[in-house]
Amino acid sequence: MTKNRSDDLDKFPTNLSNLRKRHKMDQKELGKILNVSRATISLYETGKKKPSYNVLFFLGKHFKVSLNELMGIDPWIDIIEKKLVEEQ
């Protein structure tokens, strides 16, 4: 079963919230770093707004995580799915 890439963004809100809290930041502080409002961070964390690629890149760099980790993508799953499709 191949998943839709847009499904990856479904994990982003939770991952962002967890990373922010792990770094002991509130939404206002993260918003300042990204040059966006606290409300925008809240919208990202509730999944009501999707971040731009630039924001995703900057978040990964700031929190020192890969974009795969930020998005909740497991690259091994993609490799395994591709192999299974090739074998069919």
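Is Glu45 buried or exposed, and what is its relative accessible area? Glu45 is buried, at 14% relative accessible area. The legends below describe close-up views of a predicted model.

**View 1. The overall fold is built from helices.** The protein chain holds 6 helices and 0 strands. Read along the sequence, the pattern is α-α-α-α-α-α. The chain has 88 residues, and 30% of them are buried. Take the contacts between residues at least 6 apart in sequence: 62% of these join residues at least 24 apart.

**View 2. A salt bridge joins Glu45 and Arg20.** The structure holds 1 salt bridge. Its partners are Glu45 and Arg20, and their closest N and O atoms lie 2.6 Å apart. The pair links distant parts of the chain, with Glu45 in helix α3 and Arg20 in helix α1, 25 residues apart. Arg20 counts as buried because its relative accessibility is 8%, below the 20% cut-off. Glu45, at 14%, is buried for the same reason.

**View 3. The largest nonpolar core has 16 residues.** Phe12, Leu16, Leu30, Leu59, Phe63 and Leu70 have the most contacts inside this core. Five helices each supply at least two of its residues: α1 (12–22), α2 (27–34), α3 (38–46), α4 (53–63) and α5 (67–71). The largest share comes from α4, with 4 residues. In soluble globular proteins, nonpolar side chains tend to be buried together.

**View 4. Leu59 sits in helix α4.** Its relative accessibility is 0%, so Leu59 counts as buried. Beyond its neighbours within four places in sequence, Leu59 is in contact with Phe12, Leu16, Leu30, Leu34 and Leu70. Leu34 is 25 residues away in sequence from Leu59, yet the two C-alpha atoms are 8.2 Å apart in space. Leu59 is also among the residues with the most contacts inside the largest nonpolar core.

**View 5. Leu30 has contacts with nonpolar residues and with Arg20.** Set aside the neighbours within four places in sequence. Leu30 is then in contact with Leu16, Arg20, Met25, Ile41, Leu59 and Phe63. Arg20 in this list is the salt-bridge partner of Glu45. Leu30 is likewise among the residues with the most contacts inside the largest nonpolar core.

**View 6. Helices α1 and α4 pack in a left-handed crossing.** Two packed helices are described by the angle between their axes and the distance between the axes. Here the axes of α1 and α4 come within 11 Å and cross at roughly 35 degrees. On the α1 side, the meeting residues are Phe12, Leu16, Leu19 and Arg20. On the α4 side, they are Leu56, Leu59 and Phe63. By type, the residues of this contact are 6 nonpolar, no polar and 1 charged. Arg20 counts as charged, and it also forms the salt bridge with Glu45.

**View 7. Asn35 and Lys64 have positive phi values.** Asn35 lies in the loop between α2 and α3. Its phi is near 65 degrees, a positive value in a residue other than glycine. Asn35 is exposed, with a relative accessible area of 71%. Lys64 lies in the loop between α4 and α5. Phi of Lys64 is near 55 degrees, again positive in a residue other than glycine. Lys64 is exposed too, at 75% relative accessible area.

**View 8. His62 lies in helix α4 and is in contact with Met25 and Ile33.** These contacts leave aside the neighbours of His62 within four places in sequence. At 30% relative accessibility, His62 counts as partly exposed. The C-alpha atoms of His62 and Leu34 are separated by 9.6 Å, although the residues are 28 apart along the chain.

**View 9. Ala39 is found in helix α3.** Ala39 is partly exposed, with a relative accessible area of 38%. Gln27 is 12 residues from Ala39 in sequence, and their C-alpha atoms are 8.0 Å apart in space.

Conventions. Residues are numbered from 1 along each chain as its sequence is written. This is a predicted model: local features need pLDDT of at least 70, side-chain atom pairs count only at pLDDT 80 or more; totals for chains, interfaces and linings use all residues. Side-chain values use heavy atoms; hydrogens and water are left out. A nonpolar core is a set of buried Ala, Val, Leu, Ile, Met, Phe, Trp, Tyr and Cys residues joined through side-chain atoms within 4.5 Å. Buried means under 20% relative accessible area, exposed over 50%, partly exposed in between (1.4 Å probe, protein chains only). Contact means heavy atoms within 4.5 Å. Axes are lines fitted to C-alpha atoms, for helices over the stretch in contact, and angles run from 0 to 180 degrees between N-to-C directions. A crossing is left-handed if the near helix is turned anticlockwise from the far one by less than a right angle, and right-handed if clockwise. A salt bridge is a side-chain nitrogen of Lys or Arg within 4 Å of a carboxyl oxygen of Asp or Glu.
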